[in-house]
Amino acid sequence: MSSDTPPHAAALHRYLNDHLAGAAGALQLLDQLVEKASTPSDAAFFTELRSEITEDRETLEALLAQLGGQQSGLRQLGGWLAEKVGRLKLVIDDPAGGAFERMEALEILKIGIHGKQLLFEALTAVAVPGLEGIDLQRLERRAADQQDRVEARRLEAARRAFSPT
């Protein structure tokens, strides 16, 4: 980023890069969930969600480029490291033989997707110049839908993790 980039643009570039890093971590987490899926239905769910989040990430990349920003390798590395540390915690701390790990992974995904929804809300509210042709409200609705679908799976995993039977 050049030194003549206005402060508001620099902040927006940083914000988009933070979300790109989060998406990278989410995609890695989804790879693990696909790999560990216990049913074809679960594998299909996580594969479809991964595809949608890949599309959302590509949209964020395009938005960043459209606004004159560049991807931050350091932030991407941070997202990658956070996902690795989170995965290690999930594996070490799972007393319920996978159900607890799955519930926490879904919770992490839901939090990340909520953050993405907030990003699209903020971009819509600010009416960022250069983004007039992007349907940010559609992206916001899609994130809300993703959250709802992940939440249903998270609650199912919670029942399995915490059920006495």
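**Exercise 1. Work out which residue classes line the second largest pocket, and which elements supply them.**

Start with the classes: the lining of this pocket has nine nonpolar, two polar and no charged residues. Here Ala, Val, Leu, Ile, Met, Phe, Trp, Tyr, Cys and Pro count as nonpolar, Asp, Glu, Lys and Arg as charged, and the others, Gly among them, as polar.

A word on what you're looking at: this is a predicted model, where local features need pLDDT of at least 70, side-chain atom pairs count only at pLDDT 80 or more, and totals for chains, interfaces and linings use all residues. Residues are numbered from 1 along each chain as its sequence is written, and side-chain values use heavy atoms, with hydrogens and water left out.

Next, the names. The lining is made up of H8, A9, A11, L12, H13, L67, A122, L123, V126, V128 and P129. Two elements, α1 and α4 (99-126), give two or more residues each, and α1 has the largest share, with five. (Helices are DSSP runs of H or I, at least four residues, and strands are runs of E, at least two, numbered from the N terminus.)

Finally, the space: about 230 Å³. A pocket is an open set of points on a 1 Å grid over the protein atoms alone, where a 1.4 Å probe fits, with protein on both sides within 12 Å along at least five of seven lines; lining residues have an atom within 4 Å of a point. Grid points are joined across faces, edges and corners, and the volume is the space filled by probe spheres set on the points.

**Exercise 2. Describe the overall fold in terms of helices, strands and burial.**

Count first: the protein has five helices and zero strands, so the pattern along the sequence is simply α-α-α-α-α. Then burial: of the 165 residues, 43% count as buried, meaning under 20% relative accessible area, with exposed over 50% and partly exposed in between (1.4 Å probe, protein chains only). Last, contacts (heavy atoms within 4.5 Å): among those between residues at least 6 apart in sequence, 77% join residues at least 24 apart.

**Exercise 3. Check the span of helix α2 and list its buried residues.**

Take the 27 residues of α2 (residues 40-66): at 1.5 Å a residue they should span 39 Å, and the end C-alpha atoms are 39 Å apart, so the two agree. The expected span is 1.5 Å times one less than the number of residues.

Now the buried set: D42, F45, F46, L49, E52, I53, D56, R57, L60, L63 and L64. For reading that list, remember that an α-helix has 3.6 residues a turn, so residues three or four places apart point the same way. Just after α2, G68 takes a positive phi of about 85°.

**Exercise 4. Find what surrounds L30.**

L30 sits in α1 (residues 7-35) and is buried, at 0% relative accessible area. Leaving aside neighbours within four places in sequence, L30 contacts F46, L49, R50, I53 and L109. The C-alpha atoms of L30 and L109 are 8.5 Å apart, though 79 residues separate the two along the chain.

**Exercise 5. Which side chains make polar contacts with Q147?**

Place Q147 first: helix α5 (residues 136-162), buried at 9%. Its side chain makes polar contacts with those of H114, at 3.2 Å, and Q117, at 2.3 Å. A polar contact is a pair of N or O atoms within 3.5 Å; within protein, one must be able to donate a hydrogen and the other to accept it, and residues adjacent in sequence count only if both atoms are side-chain atoms.
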